[in-house]
Each structure stands twice: as C-alpha cells, then as structure tokens.
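Me: I have this model open in a viewer and I'd like a close look at one part of it. Can you walk me through that part, and then through what's around it?

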Amino acid sequence: MSQWVTKGLATGVKATHYPRAAETAPGTSPGMPAATSLPAARAQLVAARCPTAALRQVPSGVEVDRRRCVHCFRCVRETESPVDWDAGCQWAELLAGSERRGRSLGRAFSRSLHILVVDAGDCGACLSEVRQLNNPYYNMHRLGFFLTPTPRHADVLLVVGALTEHMRLPLRKAYEAMPAPKRVVAVGSCALSAAIFSPSFICAGGVGKLLPVDVEVPGNPPPPLAILHGLLLVAGRKPPSGTDAVRAGANQDRLR
Ligand code: SF4
C-alpha cells in the first residue's frame, strides 16, 4: 500500500485537468463535423454521402445535425469537399425545454450527483465510454459524480441506446422510481435520435419520445469528456464554452 502512495507522490496527478483546463492529450476526442461553407454543387455532393441525413444543404454550404451523426467520417474521407471538423469535446447541450420546465436541480446538487445508467438497447460502444468515467484518467469522483445501481438513490438518469420496444417499460419504471428533483441525460446519437435504427419496428426514435430529456450528448459514441460535459451542464457547472474547441479544419490531415 505504501508503495502505491510513494509512487503516486513521485509521478504526480495523471488525471485529466478538464474542466479546469482544456484537454490537450491526443486521442481523447474523435471530433465532430461542423457547419461548412461550400459552393452549392459541392455541398450537395457531400450531403449525399451522409448515411443518416445528418448533413443538410443550406445556401451557405452544409449544416450538421449532431444528433444524427454516427461518426462514419464519410464527409471528410475520400471526398473532394471535406467538411470542417470540430476537434473539441464540449458537445453536450442543455435543452431549452428543460429550463422552461423549471427542472433545475438547485444548488444542493451542484457538488454531488448520483447517476443511474440504463442501457436501453445500446451496442456497447456508449456504455464502454460511460465506463471510462470511473477510470483513473477521467476519475469522475473528483467532480462529485457517482454511479448508483438503484433508482431510489439517483438524481440523474443517464440513458444509452436507441430505446427498443422491450426497454420502454423498464426505463419508464426506473424514471418513476427516482425521487424528485430528477433529470435525464441522453448519451449517444442512438439515444438522441435512434440514428440509423429509426423509424423501424423495434424503436421509435430516441429517449425523448418517452421521457423529458434535459441534456443531450451527441456522438457515436461520445468520448468520456463529452459525457462529463453533459453531467457538468446538468449539475449547473457548465465549463467555459469553446475553451478546447478547434474549428475550421485544423486537423483535416489527421482525418484522411
Ligand atoms: S461523420 Fe458520417 S454521419 Fe456524421 S455527418 Fe459525416 S457523413 Fe454524416
């Protein structure tokens, strides 16, 4: 035991400094496509490459619906008109409807949250990223975030997966068993929009069709830092926006 303490003191803190400082370590975020100015003909071509209709042609070029992006990289690889790429990780969004509903958790919850994770039809990718939050590098305990296995102790319901028909009832029961105040965080493009799986016989189009979602974290899967950003938003501790964003194709070479 004393060896671990000595080693820890000798090597220093190895956890990410996010959100106190921007994350600069390579490989911590796959990035995300960004709205791009393009001539009409090229915008049409690149939008047609997207398998989930996440890219939409507009007069100035293309817009991105991050909720539908599945990170296939078709819009930057092997195309003459690659879109710009946001290399940051602060993609989570507090939905306006959540604020209107007055669903603030209040100051009492800003330093410590207990989170119930429900797999509502996940392939394993988003769940794997959520699991990383407990490892020494992301170490969400330092921010006061803890996982709980029971809805009775949960303040936040974190949902991954496209919400299959069989998971509708268990998910609703879990939500109803949570004490108020409570909030819902949807993680991953499947939980947000069901992406390539909807509409189909097995799912209806994301968690928002069943529960009042407060924070959405896009990505397929979103990296741990993006999920942390969502949890900070739900706790009312939103980090300074744009501190780690690198826009406008700064890393295009890496992507090809
Ligand atoms: S990465 Fe794939 S899914 Fe996302 S916008 Fe580009 S083409 Fe569409």
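The part I have in mind is a helix, and the rest of the chain comes in as context. Which residues of helix 7 are buried, and how many residues does helix 7 give to the largest nonpolar core?

Reply: Happy to. First, the ground rules: this is a predicted model, where local features need pLDDT of at least 70 and side-chain atom pairs count only at pLDDT 80 or more, while totals for chains, interfaces and linings use all residues. Residues are numbered from 1 along each chain as its sequence is written, and side-chain values use heavy atoms, with hydrogens and water left out.

Now helix 7. Helices (H or I, at least four residues) and strands (E, at least two) are DSSP runs, numbered from the N terminus. Burial goes by relative accessible area: buried is under 20%, exposed is over 50%, and partly exposed is in between (1.4 Å probe, protein chains only). By that cut-off, 11 of the 11 residues of helix 7 are buried, so the rest of the structure largely encloses it. Here's the roll call: P224, L225, A226, I227, L228, H229, G230, L231, L232, L233 and V234.

Both ends have some backbone detail. In the loop between strand 11 (215-217) and helix 7 (224-234) you'll find P221, and the bond from N220 to P221 is cis, with omega about -5°. Just after helix 7, G236 has a positive phi of about 75°.

Next, the core (a nonpolar core is a set of buried Ala, Val, Leu, Ile, Met, Phe, Trp, Tyr and Cys residues joined through side-chain atoms within 4.5 Å). The largest one has 47 residues, and the members touching the most others are V83, L113, F145, V156, L158, V217 and L228. Two or more residues come from each of helix 2, strand 7 (113-119), helix 4, strand 9 (156-160), strand 10, strand 11 and helix 7. Helix 7 is the top contributor, with 8 residues. The core also takes at least three residues from each of domain 1 (32-86) and domain 2 (93-234); those bounds come from an automatic or database domain assignment.

L228 is a good place to zoom in. Counting contact as heavy atoms within 4.5 Å, and skipping neighbours within four places in sequence, L228 touches Y18, L133, Y138, M140, R142, L143 and F145. Apart from this core there's another one of 19 residues, including A191, L192, L210 and L211.

One of those partners leads to another cis bond: Y18 is joined to P19 by a cis peptide bond with omega near 10°, and P19 is in the loop between helix 1 (2-11) and strand 1 (32-34). For background, most residues other than glycine have a negative phi, and most peptide bonds are trans. N139 goes the other way on phi, at about 40° without being a glycine. N139 is in the loop between helix 4 (125-132) and strand 8 (145-147) and is partly exposed at 27% relative accessible area.

Then the charged pairs. A salt bridge here is a side-chain nitrogen of Lys or Arg within 4 Å of a carboxyl oxygen of Asp or Glu, and the count comes to 6. One of them pairs D86 with R66, at 3.1 Å between the closest N and O atoms. D86 is in strand 5 (residues 84-86) and R66 in the loop between strand 4 (61-64) and strand 5, so this pair ties together parts 20 residues apart in sequence. D86 is buried, at 5%. Another pairs D214 with R183, with the closest N and O atoms 4.0 Å apart. That one links distant parts of the chain, 31 residues apart: D214 in the loop between helix 6 (189-193) and strand 11, R183 in strand 10 (residues 183-187). Both D214 and R183 are buried. A third joins E176 and R172 at 3.2 Å, N to O; both are in helix 5 (residues 165-177), 4 residues apart, about one turn.
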